[in-house]
Amino acid sequence: MCRTREAIYTREYSGERLCEQCLRKSIIIKVRKTIGKLKLLERDDKILFVPLGRDLDEPAFQILSTIESSFPEVSLEIIKPELPIGYDEIPRAVREYCRQDAKIVLPLFLDDLVAIFFRYCDTGSPDVLIKRGRLVIAGEDIKNAISPYIEVISREVGVAWGVKTAENPYLKLAWELEDDTPGALYNIYHSYERIIQ
Ligand SMILES: [Zn+2]
């Protein structure tokens, strides 16, 4: 990209070699594009960021703050994390924090979306899914609960901001696929978005 700084990360699916600054910038651009494309946020939204108790929360919040800093009417609030929120606890968290006038943002990434889909295939329980950036809880579309990070791989965020990524068996499966076939996560995402319509 910039060719002036040392690359710290190679995107296997595109061949891009990125320095820390360009990697961060590229992630922020991806999130901004997702917000626009899926119309996830409005200019006067009250946003409540719900951390999942993972190291990725902090960079995810920073990314959103950076994007929203150009929209002064947006209010962005973060709740204090209690215990880590696993996929199982997402429905409870969504119900707890979903207020009529606020939009809740969960830091769920592309690999989470795929892992949650694998979990659904494995358990058959449709308690939580993500559709076009919005949470679907027990089959019901929750329009006020969103994730604008679903087109970003959490591993890239981990490298760019120097934090540990999350771990669970479904994420492990998602990463094994991506390592075997770079681009697999994006391919699954695009097919999935067509299937789940
Ligand atoms: Zn660079």
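In which hand, left or right, does α1 cross α2? In this predicted model, α1 passes α2 in a right-handed crossing, and this helix pair is described below together with a mixed sheet of six strands and the helices that lie against that sheet.

**The α1–α2 pair**
- Helix α1, spanning residues 20–37, packs with helix α2, spanning residues 57–68, at an angle of about 65°, and their axes are 10 Å apart.
- That angle makes α1 roughly perpendicular to α2.
- On the α1 side the contact is made by I27, I28, V31, R32 and I35, while α2 contributes I63, T66 and I67.
- Sorted by class, the contact of α1 with α2 comprises six nonpolar residues, one polar residue and one charged residue.

**The sheet**
- Six strands, in the order β4-β3-β5-β8-β7-β6, form an open sheet whose pairing is mixed.
- The edges are held by β4 (75–78) and β6 (128–131), each of which has a single partner strand, so one side of each is left without a neighbour in the sheet.
- On average, and with direction ignored, neighbouring strands of this sheet are turned by 40° against each other.
- Strand β3 (residues 46–49) pairs with strand β5 (residues 103–105) in the parallel sense over three bridges, and K103 in β5 is the bridge partner of I47.

**Helices on the sheet**
- Helix α2 packs on the sheet, where it touches β3, β4 and β5, and the direction of α2 makes about 165° with that of β4.
- Helix α3 (residues 90–97) lies across β3, β5, β6, β7 (134–137) and β8 (140–146), and runs at about 110° to β7.

Notes:
Residues numbered from 1 in each chain as written. Predicted model: local features only at pLDDT ≥ 70, side-chain atom pairs only at ≥ 80, totals over all residues. Axes fitted to C-alpha atoms, helices over the stretch in contact; angles between N-to-C directions. Helix = DSSP H or I, 4+ residues; strand = E, 2+ residues; numbered from the N terminus. Parallel < 35°, antiparallel > 145°, perpendicular 65-115°, else oblique. Left-handed = near helix turned anticlockwise from the far one by under 90°. Contact = placed C-beta atoms within 7 Å. Nonpolar A, V, L, I, M, F, W, Y, C, P; charged D, E, K, R; others polar. Pairing = 2+ DSSP bridges.
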